[in-house]
Amino acid sequence: MKNLLLLFILFTLMVVSLISCDLGPESPRGFSLPEGNVDSGKLVFLKYQCLACHQVAGIQAPEGTIDNPKYNIKLGGKSTQVKTYADLLTSVINPSHKFAKGYALSVVQYDGVSKMKNYNDVMTVSELVNLTTFLQSNYQLVPYRRTVY
Ligand code: HEC
């Protein structure tokens, strides 16, 4: 009985620490940016030549865009997972946080560092907000498809 009580206390402590971890200073809670504009975001996307390494359905690279055939990372389209505003923004300002799924690791990273170009010292915050809004407008959420046995 005493052991059971001890186990219960330990379990409660674990749950509490997990929950409080989520609300700690490192938590994304409270994150919010001003509303962005899709059309302005598209201009930012073209300005920084994201199409050099990316593909977005329905968007042609303007003449003069460098083509980096080593990377052909698809952005947008149907996804069973919501790409939140925070996900997309993080992909741009901290690309090594999480790598794009569906590609060989050797294609997307080297030594744990994303091969994506870093724009943190050149892009304005307004550009980033609009860009993220534009990126998000290209994702459609589809229901998860179950495997039929
Ligand atoms: C030099 C090539 C290169 C350029 C230029 C580039 N990217 Fe990337 N990008 C990558 C690679 C490689 C990945 C996959 C690794 C990763 O997820 O960090 C990636 C991943 C991403 C992802 C995450 C995709 C996913 O499915 O998780 C987003 C969003 C993204 N890039 C947006 C942009 C935007 C916006 C620009 C322009 C401002 C840009 N990229 C410019 C190479 C590039």
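These are my notebook entries on a ligand with an iron atom and on several residues of a predicted model.

**Entry 1: the iron atom**

I began with the iron atom of the ligand and looked up which residues coordinate it; they are His54, through NE2, and Met116, through SD, at 2.0 to 2.2 Å. The pair joins distant parts of the chain, since His54 belongs to strand β1 while Met116 sits in the loop between β5 (113-114) and α5, 62 residues apart. I then turned to the geometry, and found that the site of the iron atom has 6 donor atoms with angles of 86 to 178° among them, and that the site is octahedral. For reference I noted that the ideal angles for six octahedral donors are 90 or 180 degrees.

**Entry 2: the two coordinating residues**

Are His54 and Met116 buried or exposed? His54 has a relative accessibility of 16%, which is under the 20% limit, and therefore counts as buried. Met116, at 29% relative accessibility, falls between the limits of 20% and 50%, so I entered Met116 as partly exposed.

I placed His54 in strand β1, which covers residues 54-56. Leaving aside residues up to four places away in sequence, I listed Ile73, Leu75 and Met116 as the residues that His54 touches. A polar atom of the His54 side chain lies 3.0 Å from the backbone oxygen of Ile73, and an N or O atom in the side chain of His54 is 2.8 Å from a nitrogen atom of the ligand.

**Entry 3: the shell around the ligand**

Next I looked up how many residues surround the ligand. The shell holds 23 residues, and the closest are Cys50, Cys53, His54, Ser114 and Met116. By character, the residues of this shell divide into 17 nonpolar, 3 polar and 3 charged.

I also asked which elements each supply at least two residues of the shell, and found β2 (73-75), α3 (85-93) and α5 (125-137). The largest share, 3 residues, comes from α3.

For the oxygen atoms of the ligand I recorded two distances to polar backbone atoms: an oxygen atom of the ligand is 3.2 Å from such an atom of Pro95, and an oxygen atom of the ligand is 2.7 Å from such an atom of Ala100.

**Entry 4: Ile73**

Having met Ile73 as a partner of His54, I followed Ile73 further and found this residue in strand β2. Ile73 has a relative accessibility of 10%, under the limit of 20%, and so counts as buried. With residues up to four places away in sequence left out, Ile73 touches Cys53, His54, Gln55, Ala100, Tyr103 and Val108; Ala100 is also the residue with a polar backbone atom 2.7 Å from an oxygen atom of the ligand. I also noted that the C-alpha atoms of Ile73 and Leu51, which are 22 residues apart along the chain, are separated by 9.2 Å.

**Entry 5: positive phi values**

I turned to the backbone, bearing in mind that most residues other than glycine have a negative phi. For Gln49 I found a phi near 55°, a positive value in a residue other than glycine. Gln49 lies in the loop between α2 (38-47) and β1 and is partly exposed, with a relative accessible area of 27%.

Asp111 likewise has a positive phi, near 55°, and I located Asp111 in the loop between β4 (109-110) and β5. The relative accessibility of Asp111 is 70%, over the limit of 50%, so Asp111 is entered as exposed.

**Entry 6: Leu43 and Ser27**

I placed Leu43 in helix α2, and since its relative accessible area of 58% is over 50%, I recorded Leu43 as exposed. The C-alpha atoms of Leu43 and Val82 are separated by 24 Å, with their positions 39 residues apart along the chain.

Last, I looked up where Ser27 lies, and found the loop between α1 (2-22) and α2. Ser27 counts as buried because its relative accessibility is 14%, under the 20% limit, and the side chain of Ser27 reaches the backbone nitrogen of Arg29 at 2.9 Å.

Key
Residues are numbered from 1 along each chain as its sequence is written. This is a predicted model: local features need pLDDT of at least 70, side-chain atom pairs count only at pLDDT 80 or more; totals for chains, interfaces and linings use all residues. Side-chain values use heavy atoms; hydrogens and water are left out. Helices (H or I, at least four residues) and strands (E, at least two) are DSSP runs, numbered from the N terminus. Buried means under 20% relative accessible area, exposed over 50%, partly exposed in between (1.4 Å probe, protein chains only). A polar contact is a pair of N or O atoms within 3.5 Å; within protein, one must be able to donate a hydrogen and the other to accept it, and residues adjacent in sequence count only if both atoms are side-chain atoms. Contact means heavy atoms within 4.5 Å. A residue is near a molecule or strand if one of its heavy atoms lies within 4 Å of it. Ala, Val, Leu, Ile, Met, Phe, Trp, Tyr, Cys and Pro count as nonpolar, Asp, Glu, Lys and Arg as charged, and the others, Gly among them, as polar. Donors are N, O and S atoms within 2.8 Å of the metal (3.2 Å for Na, K and Ca); water is not among the atoms, so sites may look incomplete. Four donors count as tetrahedral if all angles lie between 85 and 135 degrees; four count as square planar and six as octahedral if opposite donors are over 155 degrees apart and all others between 65 and 115; anything else is irregular.
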